[in-house]
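Please open the model in your viewer and keep the selection panel at hand, since each stop below begins with something to pick out. The tour goes from charged pairs to the sheet and its helices, and then to the interior.

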Amino acid sequence: MVVFILRQRGPGPLPDQVVEVVKNHPGLQIIERSTKMLRVEGTSEDLQAVTDGQLGLQFSEERQYSPVKPFQESARPPRRKP
């Protein structure tokens with residue numbers, strides 16, 4: 001199973017009827033919910049079946065990014081001002 005982000009585009013929260021359809025779909029499981037998006041585990045085909053015909057909804061596969069490396073100190077000591 002893959003984790004997807006289901007988003008509401010435009011103003012307003014994610015409609016409750018969309019949340020209910022996703023919750024009741026046998027191939028999908030809601031992991032986390034906010035006002036404008038859901039983290040959903042399932043297949044892209046199942047999510048596509050739920051979102052077809054729902055204007056303003058889009059989904060994409062969740063991506064993980066590694067944190068930025070902090071600035072590394074130079075091995076050379078700082079220059080002295082004359």
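Begin by selecting Asp-16, which in this predicted model is exposed, with a relative accessible area of 54%. Add Arg-33 to the selection, and you have the two partners of a salt bridge whose closest N and O atoms are 3.3 Å apart. Because Asp-16 belongs to helix α1 (residues 16-24) and Arg-33 to strand β2 (residues 29-33), this pair ties together parts that are 17 residues apart in sequence. Arg-33 counts as partly exposed, with a relative accessibility of 48%.

Stay on helix α1 and select Glu-20 together with Lys-23, whose side chains meet in a salt bridge with an N to O distance of 3.6 Å. These two residues are three apart within helix α1, so about one helical turn separates them. Glu-20 is partly exposed, at 38% relative accessibility.

How many salt bridges does the structure hold? There are four, and the next selection should be Arg-39 with Glu-62, whose side chains form one of them at 2.9 Å from N to O. Arg-39 sits in strand β3 (residues 37-42), while Glu-62 is in the segment after β4 (57-61), so this salt bridge ties together parts 23 residues apart in sequence. Both partners count as partly exposed, Arg-39 with a relative accessibility of 24% and Glu-62 with 23%. Now add Glu-32 to the display, and you will have the three residues Glu-32, Arg-39 and Glu-62, which are linked in a network of salt bridges.

Next, switch to a cartoon view and colour the strands. The four strands form an open sheet in the order β2-β3-β1-β4, and their pairing is antiparallel. At the edges are β2 and β4, each of which pairs on one side only. If you look along the sheet, neighbouring strands are turned by 30° against each other on average, with direction ignored. For a closer view of one pairing, select β2 and β3, which run antiparallel and are joined by four bridges; within this region, Gln-29 has Glu-41 in β3 as its bridge partner.

Which strands does helix α1 touch as it packs on the sheet? Show α1 beside the strands, and you will find contacts with β1 (2-8), β2, β3 and β4, the direction of the helix making about 140° with that of β2. Then bring in helix α2 (residues 44-51), which lies across β1, β3 and β4 and runs at about 170° to β4.

Now select Gln-8, which has its place in strand β1. Is this residue buried or exposed? Gln-8 counts as buried, because its relative accessibility is 14% and the cut-off for buried is under 20%. Displaying its surroundings, and leaving out residues up to four places away in sequence, you will see that Gln-8 touches Pro-13, Leu-14, Pro-15, Lys-36, Gly-56 and Leu-57.

From there, turn to the interior. In soluble globular proteins, nonpolar side chains tend to be buried together. The largest nonpolar core here has 12 residues, namely Phe-4, Leu-6, Leu-14, Val-18, Val-19, Val-22, Leu-28, Leu-38, Val-40, Leu-47, Val-50 and Leu-57. Two or more residues of this core come from each of β1, α1, β3 and α2, and α1 gives the most, with three residues.

Within the core, select Leu-28 and show its contacts. Apart from neighbours within four places in sequence, Leu-28 is in contact with Val-22, Val-40, Glu-41, Gly-42, Thr-43, Asp-46, Leu-47 and Val-50.

For the last stop, select Phe-4 and Phe-59 and display their rings. The count of aromatic pairs comes to one, and in that pair Phe-4 and Phe-59 meet edge-to-face, with 5.7 Å from centre to centre and 80° between the planes. The pair links distant parts of the chain, since Phe-4 is in strand β1 and Phe-59 in strand β4, 55 residues apart. Phe-4 is buried, at 7% relative accessibility, whereas Phe-59 counts as partly exposed, at 24%.

Conventions: Residues are numbered from 1 along each chain as its sequence is written. This is a predicted model: local features need pLDDT of at least 70, side-chain atom pairs count only at pLDDT 80 or more; totals for chains, interfaces and linings use all residues. Side-chain values use heavy atoms; hydrogens and water are left out. Buried means under 20% relative accessible area, exposed over 50%, partly exposed in between (1.4 Å probe, protein chains only). Two strands pair if DSSP finds at least two bridges between them. Axes are lines fitted to C-alpha atoms, for helices over the stretch in contact, and angles run from 0 to 180 degrees between N-to-C directions. Contact means heavy atoms within 4.5 Å. A nonpolar core is a set of buried Ala, Val, Leu, Ile, Met, Phe, Trp, Tyr and Cys residues joined through side-chain atoms within 4.5 Å. Rings of Phe, Tyr and Trp (its six-membered ring) pair if their centres lie within 6.5 Å; planes under 30 degrees apart count as stacked, over 60 as edge-to-face and the rest as tilted.
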